[in-house]
Amino acid sequence: AGLNWLNAIPLAGSGNGAIVVTVDATDLEAGVYHGTVKVFDPAQPDDQATADVVLLVLKKRVWLPLIMR
C-alpha cells in the first residue's frame with residue numbers, strides 16, 4: 001500500500017531550504033502508521049538524511065444529535 005497520508009514538499013530541489021512534511025488522516029482507520037522521509041543528493045545517494053514519521057490515528061468521533069424535551 002502507498003503512503004497517501006504522508007506528503008513532503010518540495011519533492012525535488014537544490015541548495016539550502018526547508019521541507020514541509022504534512023499528513024492527512026482523512027481516510028485512515030484507527031491505528032499506528034509509519035513512514036520515512038529521505039533527503040539525499042543524487043550524486044551521492046549513500047549520504048542521505050532520514051526522518052521517521054509515526055502517525056497515531058484515534059477512533060473517529062461519532063456525533064449524536066442532542067434531543068431535548
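This passage describes the largest pocket, the largest nonpolar core and the surroundings of Tyr33 in a predicted model.

The largest pocket encloses a volume of about 510 Å³, and among the 17 residues that line this pocket, Leu11, Ala12, Gly13, Ile19 and Val39 lie closest to its centre. Strand 3, which spans residues 31–41, supplies the largest share of the lining, namely five residues. By residue class, the lining of the largest pocket comprises 10 nonpolar, five polar and two charged residues.

The largest nonpolar core consists of eight residues, Trp5, Leu6, Ala8, Leu28, Val37, Val53, Leu55 and Val57. Two or more residues of this core are given by each of strand 1 (6–9) and strand 4 (44–57), and strand 4 gives the most, with three residues. In soluble globular proteins, nonpolar side chains tend to be buried together.

Tyr33, a residue of strand 3, is in contact with several members of this core: when neighbours within four places in sequence are left aside, the contacts of Tyr33 are Trp5, Leu28, Val53, Val54, Leu55 and Val57. Tyr33 and Trp5 are 28 residues apart along the chain, yet their C-alpha atoms are separated by 9.0 Å. In addition, the side chain of Tyr33 reaches the backbone oxygen of Glu29 at a distance of 2.8 Å. Leu28, itself part of the core, is in contact with Trp5, Tyr33, Leu55, Val57 and Lys60, again with neighbours within four places in sequence left aside. Trp5, Leu55 and Val57 thus appear in the contacts of Tyr33 and also in those of Leu28.

Conventions
Residues are numbered from 1 along each chain as its sequence is written. This is a predicted model: local features need pLDDT of at least 70, side-chain atom pairs count only at pLDDT 80 or more; totals for chains, interfaces and linings use all residues. Side-chain values use heavy atoms; hydrogens and water are left out. On a 1 Å grid over the protein atoms alone, a cavity is a set of points where a 1.4 Å probe fits but cannot get out, and a pocket is an open set with protein on both sides within 12 Å along at least five of seven lines; lining residues have an atom within 4 Å of a point. Grid points are joined across faces, edges and corners, and a volume is the space filled by probe spheres set on the points. Helices (H or I, at least four residues) and strands (E, at least two) are DSSP runs, numbered from the N terminus. Ala, Val, Leu, Ile, Met, Phe, Trp, Tyr, Cys and Pro count as nonpolar, Asp, Glu, Lys and Arg as charged, and the others, Gly among them, as polar. Contact means heavy atoms within 4.5 Å. A polar contact is a pair of N or O atoms within 3.5 Å; within protein, one must be able to donate a hydrogen and the other to accept it, and residues adjacent in sequence count only if both atoms are side-chain atoms. A nonpolar core is a set of buried Ala, Val, Leu, Ile, Met, Phe, Trp, Tyr and Cys residues joined through side-chain atoms within 4.5 Å. Buried means under 20% relative accessible area, exposed over 50%, partly exposed in between (1.4 Å probe, protein chains only).
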